[in-house]
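Please look through the sequence and the structure below. The paragraphs after them lead from the overall layout to single residues.

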Amino acid sequence: MKLVPLADRVVLRQLVAEETTKSGIVLPGQNKEKPQQAEVVAVGPGGVVDGKEVKMEVKVGDNVIFSKYSGTEVKVEEDEFIIVSQKDILAVIQ
């Protein structure tokens with residue numbers, strides 16, 4: 001199954017929170033909040049949304065920071081995604 005976003009929606013795959021100790025041991029981020037960083041996996045076509053022309057500013061493969069309480073979490077097969085509106089993306093990480 002493939003997710004195809006509509007209008008100004010963007011499908012994100014949230015990045016895994018890991019912490020590395022000084023000795024190099026990687027600790028999984030289970031007890032921490034999930035980071036608000038994600039990779040863009042699909043982008044809608046844009047167009048007219050609420051009477052305004054929307055141009056998509058992000059593209060597949062971009063790493064972005066998105067609003068903390070935005071989006072809808074979706075599980076497709078074994079993968080988890082977040083679908084957000086482009087306006088909920090705060091920045092592109094370069």
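## A walk through the model

Glu78 has a relative accessible area of 69%, so Glu78 counts as exposed, the cut-off for that class being over 50%. The model in which this value was computed is a predicted one. Along the chain, Glu78 sits in the loop between strand S8 (72-76) and S9. Glu78 also belongs to a negative surface patch, together with Glu73, Glu77, Asp79 and Glu80.

From this loop, step back to the whole chain. The protein has 10 strands and zero helices. Read along the sequence, its pattern is therefore written with strands throughout, β-β-β-β-β-β-β-β-β-β. The chain has 94 residues, and 29% of them count as buried. Among contacts with a separation of 6 or more, 63% are made by residues 24 or more positions apart. The protein exposes about 6900 Å², and carbon and sulfur atoms supply 51% of that area.

The surface also holds a nonpolar patch. Ile65, Leu90 and Ile93 make this patch, which covers about 240 Å². One of these residues, Ile93, is found in strand S10. The relative accessible area of Ile93 is 35%, so Ile93 is classed as partly exposed, between the limits of 20% and 50%.

Strand S10 (89-93) is also one end of the next stop. The loop between strand S9 (79-85) and strand S10 holds Asp88. Leaving aside residues up to four places away in sequence, Asp88 touches Phe66, Ser67 and Ser70. With Phe66 the C-alpha separation is 5.7 Å, although Asp88 and Phe66 are 22 residues apart along the chain.

Next come the salt bridges. How many salt bridges are counted in the model? The count comes to two. In one of them, Asp8 pairs with Arg9, and the closest N and O atoms are 2.9 Å apart. The two partners differ in how much of their surface is accessible: Asp8 is buried at 7% relative accessible area, whereas Arg9 is partly exposed at 38%. Asp8 falls in the buried class because its value is under 20%.

The other salt bridge joins the side chains of Lys59 and Asp62, with 3.2 Å from N to O. Is Lys59 buried or exposed? Lys59 counts as exposed, with a relative accessibility of 54%. Its partner Asp62 is buried, at a relative accessible area of 12%.

Two residues remain, and both concern the backbone. Ala7 is not a glycine, yet its phi is positive, at about 50°. Ala7 lies in the segment before strand S1 (9-14). With a relative accessible area of 30%, Ala7 is partly exposed.

Asp50 is another residue other than glycine with a positive phi, here near 55°. Where along the chain does Asp50 lie? Asp50 is in the loop between strand S5 (47-49) and strand S6 (52-54). Asp50 has a relative accessible area of 77%, which means that it is exposed, since this value is over 50%.

Key. Residues numbered from 1 in each chain as written. Predicted model: local features only at pLDDT ≥ 70, side-chain atom pairs only at ≥ 80, totals over all residues. Heavy atoms only, no water. Helix = DSSP H or I, 4+ residues; strand = E, 2+ residues; numbered from the N terminus. Contact = heavy atoms within 4.5 Å. Patch = residues over 30% accessible without salt bridge, like charges linked within 9 Å, V, L, I, M, F, W, Y side chains within 5 Å. Areas by Shrake-Rupley, 256 points an atom, 1.4 Å probe, with all protein chains shown as cover. Salt bridge = Lys/Arg side-chain N within 4 Å of Asp/Glu carboxyl O. Lys, Arg positive; Asp, Glu negative; His and termini not counted. Charge placed at Lys NZ, Arg CZ, Asp CG, Glu CD. Buried < 20%, exposed > 50% of the residue type's maximum accessible area, 1.4 Å probe, protein only.
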